[in-house]
Amino acid sequence: MELPIPDRVTAGQILAKAMENYRDRQDLLVLALPRGGVPVAYELAEALHAPMDLMLVRKLGTPGQRELAMGAIASGGIRVLNDDLVSYLHISEETLEQVVAMEQKELERREQAYRGDRPRPEIEGKCVILVDDGIATGATMRVAIKALRGQQPKELVVAVPVAPADTIETLRNEADDVVCLATPEPFTAIGLWYVDFGQVSDEEVTKQLAKAWAKGSWKGVGSMADH
(Lines give C-alpha, C1' and ligand atoms only; values in the text may rest on other atoms or scores of the structure.)
Protein backbone atom coordinates (compact mmCIF):
# COMPACT_ATOMS: atom_id res chain seq x y z
CA MET A 1 0.00 0.00 0.00
CA GLU A 2 1.23 3.47 -0.87
CA LEU A 3 1.95 5.80 2.02
CA PRO A 4 0.80 8.23 3.21
CA ILE A 5 -2.86 7.09 3.14
CA PRO A 6 -5.20 9.88 1.94
CA ASP A 7 -7.71 9.49 4.80
CA ARG A 8 -9.55 6.99 7.02
CA VAL A 9 -12.28 6.31 4.45
CA THR A 10 -9.67 5.29 1.86
CA ALA A 11 -7.92 3.18 4.50
CA GLY A 12 -11.16 1.26 5.14
CA GLN A 13 -11.72 0.69 1.43
CA ILE A 14 -8.19 -0.65 0.90
CA LEU A 15 -8.49 -2.82 4.01
CA ALA A 16 -11.74 -4.28 2.63
CA LYS A 17 -9.97 -5.38 -0.58
CA ALA A 18 -7.37 -7.19 1.52
CA MET A 19 -10.11 -8.97 3.49
CA GLU A 20 -12.45 -10.13 0.71
CA ASN A 21 -12.20 -13.70 2.01
CA TYR A 22 -14.36 -12.61 4.98
CA ARG A 23 -17.18 -11.20 2.83
CA ASP A 24 -20.73 -12.51 3.33
CA ARG A 25 -19.90 -14.68 6.32
CA GLN A 26 -23.08 -15.06 8.34
CA ASP A 27 -21.22 -14.98 11.65
CA LEU A 28 -19.29 -11.77 10.92
CA LEU A 29 -19.31 -8.70 13.19
CA VAL A 30 -17.12 -5.61 12.69
CA LEU A 31 -16.28 -3.66 15.84
CA ALA A 32 -14.74 -0.19 15.63
CA LEU A 33 -12.50 1.33 18.28
CA PRO A 34 -13.82 4.91 18.46
CA ARG A 35 -13.32 7.47 17.48
CA GLY A 36 -10.71 7.09 14.74
CA GLY A 37 -11.60 3.49 13.97
CA VAL A 38 -15.21 4.27 13.09
CA PRO A 39 -14.78 5.67 9.53
CA VAL A 40 -12.37 2.80 8.73
CA ALA A 41 -14.73 0.15 10.14
CA TYR A 42 -17.76 1.63 8.36
CA GLU A 43 -16.13 1.17 4.93
CA LEU A 44 -14.94 -2.32 5.86
CA ALA A 45 -18.34 -3.46 7.16
CA GLU A 46 -20.08 -2.03 4.10
CA ALA A 47 -17.77 -3.89 1.70
CA LEU A 48 -17.91 -7.18 3.64
CA HIS A 49 -21.74 -6.96 4.04
CA ALA A 50 -21.35 -7.21 7.81
CA PRO A 51 -23.02 -5.50 10.77
CA MET A 52 -20.94 -2.90 12.59
CA ASP A 53 -20.80 -1.84 16.21
CA LEU A 54 -18.40 -0.34 18.75
CA MET A 55 -15.71 -1.69 21.06
CA LEU A 56 -15.24 0.97 23.70
CA VAL A 57 -11.71 1.10 25.08
CA ARG A 58 -9.81 3.95 26.71
CA LYS A 59 -6.06 4.39 26.60
CA LEU A 60 -4.36 5.17 29.92
CA GLY A 61 -2.12 8.06 28.95
CA THR A 62 1.14 8.65 30.80
CA PRO A 63 1.04 11.81 32.95
CA GLY A 64 2.69 14.65 31.04
CA GLN A 65 2.72 12.61 27.82
CA ARG A 66 -0.86 11.47 27.30
CA GLU A 67 -0.26 10.01 23.83
CA LEU A 68 2.11 7.45 25.37
CA ALA A 69 -0.05 4.57 26.59
CA MET A 70 0.86 2.94 29.90
CA GLY A 71 -2.16 0.68 29.47
CA ALA A 72 -5.85 0.66 28.59
CA ILE A 73 -9.27 -0.19 30.04
CA ALA A 74 -12.49 -1.59 28.54
CA SER A 75 -16.09 -1.97 29.63
CA GLY A 76 -16.55 -4.59 32.32
CA GLY A 77 -13.51 -3.63 34.40
CA ILE A 78 -10.98 -5.12 31.97
CA ARG A 79 -7.49 -3.61 32.30
CA VAL A 80 -4.15 -4.16 30.52
CA LEU A 81 -1.01 -2.42 31.79
CA ASN A 82 2.39 -1.89 30.21
CA ASP A 83 4.21 -2.93 33.39
CA ASP A 84 7.66 -2.18 31.96
CA LEU A 85 6.69 1.42 31.15
CA VAL A 86 4.93 1.95 34.50
CA SER A 87 8.04 0.70 36.30
CA TYR A 88 10.50 2.63 34.11
CA LEU A 89 8.65 5.92 34.65
CA HIS A 90 8.15 5.25 38.40
CA ILE A 91 4.39 5.81 38.14
CA SER A 92 2.80 5.38 41.55
CA GLU A 93 -0.30 3.27 42.24
CA GLU A 94 -2.12 6.45 43.28
CA THR A 95 -1.30 8.23 40.00
CA LEU A 96 -2.30 5.16 38.03
CA GLU A 97 -5.67 4.89 39.79
CA GLN A 98 -6.35 8.60 39.18
CA VAL A 99 -5.81 8.11 35.44
CA VAL A 100 -7.98 4.95 35.48
CA ALA A 101 -10.82 6.81 37.26
CA MET A 102 -10.69 9.69 34.76
CA GLU A 103 -10.71 7.38 31.74
CA GLN A 104 -13.47 5.20 33.23
CA LYS A 105 -15.65 8.29 33.46
CA GLU A 106 -14.96 9.11 29.80
CA LEU A 107 -15.64 5.49 28.81
CA GLU A 108 -19.07 5.68 30.46
CA ARG A 109 -19.78 9.08 28.87
CA ARG A 110 -19.01 7.75 25.41
CA GLU A 111 -21.02 4.58 25.98
CA GLN A 112 -24.07 6.71 26.76
CA ALA A 113 -23.41 9.27 24.00
CA TYR A 114 -22.90 6.69 21.23
CA ARG A 115 -25.15 3.84 22.26
CA GLY A 116 -27.87 5.33 24.46
CA ASP A 117 -30.19 2.46 25.40
CA ARG A 118 -29.19 0.25 22.49
CA PRO A 119 -27.94 -3.14 23.74
CA ARG A 120 -24.43 -4.30 22.93
CA PRO A 121 -24.10 -6.96 20.22
CA GLU A 122 -23.88 -10.66 20.95
CA ILE A 123 -20.24 -11.80 20.67
CA GLU A 124 -20.50 -15.52 21.38
CA GLY A 125 -19.92 -17.68 18.30
CA LYS A 126 -19.14 -14.67 16.05
CA CYS A 127 -16.13 -13.95 13.91
CA VAL A 128 -15.29 -10.50 15.29
CA ILE A 129 -13.10 -8.07 13.35
CA LEU A 130 -11.61 -5.35 15.56
CA VAL A 131 -10.80 -2.20 13.58
CA ASP A 132 -8.81 0.94 14.32
CA ASP A 133 -7.21 3.63 12.15
CA GLY A 134 -3.76 2.43 13.24
CA ILE A 135 -1.87 0.96 16.17
CA ALA A 136 1.16 2.32 18.01
CA THR A 137 1.89 0.50 21.29
CA GLY A 138 -1.03 -1.88 20.89
CA ALA A 139 -2.34 -1.26 24.43
CA THR A 140 -5.90 -0.40 23.40
CA MET A 141 -6.17 -3.27 20.92
CA ARG A 142 -4.80 -5.76 23.46
CA VAL A 143 -7.37 -4.74 26.07
CA ALA A 144 -10.10 -5.01 23.44
CA ILE A 145 -8.98 -8.56 22.65
CA LYS A 146 -8.86 -9.44 26.34
CA ALA A 147 -12.36 -8.02 26.95
CA LEU A 148 -13.84 -9.95 24.02
CA ARG A 149 -12.12 -13.28 24.69
CA GLY A 150 -14.27 -13.76 27.78
CA GLN A 151 -17.39 -13.68 25.61
CA GLN A 152 -16.46 -16.74 23.52
CA PRO A 153 -16.20 -15.40 19.97
CA LYS A 154 -15.49 -18.03 17.31
CA GLU A 155 -12.62 -15.93 15.95
CA LEU A 156 -10.98 -12.62 16.82
CA VAL A 157 -9.40 -10.74 13.93
CA VAL A 158 -7.45 -7.46 14.15
CA ALA A 159 -7.62 -5.20 11.08
CA VAL A 160 -5.64 -1.95 10.80
CA PRO A 161 -4.09 0.12 8.01
CA VAL A 162 -0.74 0.85 9.73
CA ALA A 163 1.23 -0.29 12.76
CA PRO A 164 4.82 -0.99 13.84
CA ALA A 165 6.04 -4.47 12.92
CA ASP A 166 6.89 -5.46 16.52
CA THR A 167 3.38 -4.52 17.73
CA ILE A 168 1.83 -6.63 14.97
CA GLU A 169 3.98 -9.60 16.01
CA THR A 170 2.75 -9.23 19.61
CA LEU A 171 -0.86 -9.11 18.44
CA ARG A 172 -0.43 -12.24 16.31
CA ASN A 173 0.04 -14.13 19.58
CA GLU A 174 -3.24 -12.78 20.97
CA ALA A 175 -5.62 -12.63 17.98
CA ASP A 176 -6.59 -15.45 15.61
CA ASP A 177 -5.64 -13.35 12.60
CA VAL A 178 -4.06 -9.93 12.06
CA VAL A 179 -4.44 -7.92 8.85
CA CYS A 180 -2.18 -4.87 8.59
CA LEU A 181 -1.60 -3.07 5.29
CA ALA A 182 1.72 -1.40 6.13
CA THR A 183 4.37 -1.57 8.85
CA PRO A 184 6.61 1.44 8.14
CA GLU A 185 9.79 1.95 10.19
CA PRO A 186 10.63 4.05 12.10
CA PHE A 187 6.94 4.27 12.97
CA THR A 188 6.86 7.27 15.40
CA ALA A 189 3.09 8.05 15.24
CA ILE A 190 -0.03 6.91 13.37
CA GLY A 191 -0.85 10.38 12.06
CA LEU A 192 2.41 10.58 10.10
CA TRP A 193 1.14 7.92 7.71
CA TYR A 194 -2.05 9.80 6.74
CA VAL A 195 -2.51 12.91 4.61
CA ASP A 196 -5.73 13.78 6.47
CA PHE A 197 -5.70 12.61 10.11
CA GLY A 198 -8.13 15.16 11.53
CA GLN A 199 -9.87 14.27 14.78
CA VAL A 200 -13.15 12.38 14.41
CA SER A 201 -15.92 14.08 16.40
CA ASP A 202 -18.59 12.46 18.59
CA GLU A 203 -21.15 13.73 16.07
CA GLU A 204 -19.42 11.90 13.20
CA VAL A 205 -19.28 8.68 15.24
CA THR A 206 -22.99 8.92 16.10
CA LYS A 207 -23.93 9.67 12.49
CA GLN A 208 -21.96 6.75 11.05
CA LEU A 209 -23.28 4.38 13.71
CA ALA A 210 -26.85 5.41 12.92
CA LYS A 211 -26.24 4.69 9.22
CA ALA A 212 -24.66 1.31 10.01
CA TRP A 213 -27.41 0.34 12.45
CA ALA A 214 -30.13 1.35 9.98
CA LYS A 215 -28.66 -1.19 7.53
CA GLY A 216 -27.86 -3.86 10.11
CA SER A 217 -30.04 -6.82 10.98
CA TRP A 218 -28.36 -8.23 14.09
CA LYS A 219 -30.16 -8.35 17.43
CA GLY A 220 -27.91 -7.24 20.29
CA VAL A 221 -28.68 -8.89 23.60
CA GLY A 222 -25.42 -9.42 25.50
CA SER A 223 -23.49 -6.96 27.62
CA MET A 224 -19.72 -6.79 27.80
CA ALA A 225 -20.06 -5.73 31.41
CA ASP A 226 -21.73 -9.07 32.21
CA HIS A 227 -18.57 -11.05 31.47
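This is a chat about the backbone, packing and confidence of one predicted model.

User: Hi! Before I trust anything here, what is the average pLDDT of the chain?

Analyst: Hello! The structure is a predicted model, and its chain averages a pLDDT of 91. Of the residues, 95% score at least 70.

User: Good to know. And where is the pLDDT below 50?

Analyst: That happens over residues 217-227. Beyond near neighbours in sequence, this stretch still has 33 contacts in the model.

User: Okay, on to the backbone. Which peptide bonds are cis?

Analyst: Two to look at: one runs from leucine 3 to proline 4, with omega near 0°. Another joins proline 34 and arginine 35, where omega is about 5°.

User: Where do proline 4 and arginine 35 sit?

Analyst: Proline 4 belongs to the segment before helix 1, which covers 8-18. Arginine 35 lies in the loop that links strand 1 (28-32) to helix 2 (37-48).

User: Why should I pay attention to cis bonds or a positive phi?

Analyst: Because most peptide bonds are trans, and most residues other than glycine have a negative phi.

User: Fair enough! So which residues other than glycine have a positive phi?

Analyst: Aspartate 24 is one, with phi near 65°. Threonine 188 is another, at about 65°.

User: Where are those two in the fold?

Analyst: Aspartate 24 is in the loop between helix 1 and strand 1. Threonine 188 is in the loop from strand 8 (177-182) to helix 7 (202-215).

User: Is threonine 188 buried or exposed?

Analyst: Threonine 188 is exposed, because its relative accessibility is 67% and the cut-off for that class is over 50%. Aspartate 24, at 45%, counts as partly exposed.

User: What about arginine 23, where is that?

Analyst: Arginine 23 is also found in the loop between helix 1 and strand 1. With 35% relative accessibility, it counts as partly exposed.

User: Which residues does arginine 23 contact, leaving aside its neighbours within four places in sequence?

Analyst: Those are Ala47, Leu48 and His49.

User: And how far is arginine 23 from glutamate 124 in space?

Analyst: The two are 19 Å apart from C-alpha to C-alpha, with a separation of 101 residues in sequence.

User: Let's switch to packing. At what angle do helix 1 and helix 2 pack?

Analyst: The angle is about 35°, and their axes are 7 Å apart. Helix 1 passes helix 2 in a right-handed crossing.

User: Nice. Which residues make that contact?

Analyst: From helix 1 you have Arg8, Val9, Ala11, Gly12, Gln13, Leu15 and Ala16. Helix 2 supplies Pro39, Val40, Glu43, Leu44, Ala47 and Leu48. By type, the contact residues split into 9 nonpolar, 2 polar and 2 charged.

User: How many residues are in the largest nonpolar core?

Analyst: There are 32, and the members touching the most others are Met19, Leu44, Met52, Ile129 and Val131. Helix 2 gives the most to this core, with 7 residues.

User: What is in the second core?

Analyst: That separate core has 29 residues, including Ala74, Val128, Val158 and Val160.

User: Last one: what does valine 131 touch, leaving aside its neighbours within four places in sequence?

Analyst: Quite a list! Valine 131 is in contact with Leu15, Val30, Leu31, Ala32, Leu33, Gly37, Val40, Ala41, Leu44, Met141 and Ala159 once those neighbours are left out.

How values were computed
Residues numbered from 1 in each chain as written. Predicted model: local features only at pLDDT ≥ 70, side-chain atom pairs only at ≥ 80, totals over all residues. Heavy atoms only, no water. Helix = DSSP H or I, 4+ residues; strand = E, 2+ residues; numbered from the N terminus. Buried < 20%, exposed > 50% of the residue type's maximum accessible area, 1.4 Å probe, protein only. Core = buried A, V, L, I, M, F, W, Y, C linked by side-chain atoms within 4.5 Å. Contact = heavy atoms within 4.5 Å. pLDDT = per-residue confidence, 0-100. Axes fitted to C-alpha atoms, helices over the stretch in contact; angles between N-to-C directions. Left-handed = near helix turned anticlockwise from the far one by under 90°. Nonpolar A, V, L, I, M, F, W, Y, C, P; charged D, E, K, R; others polar.
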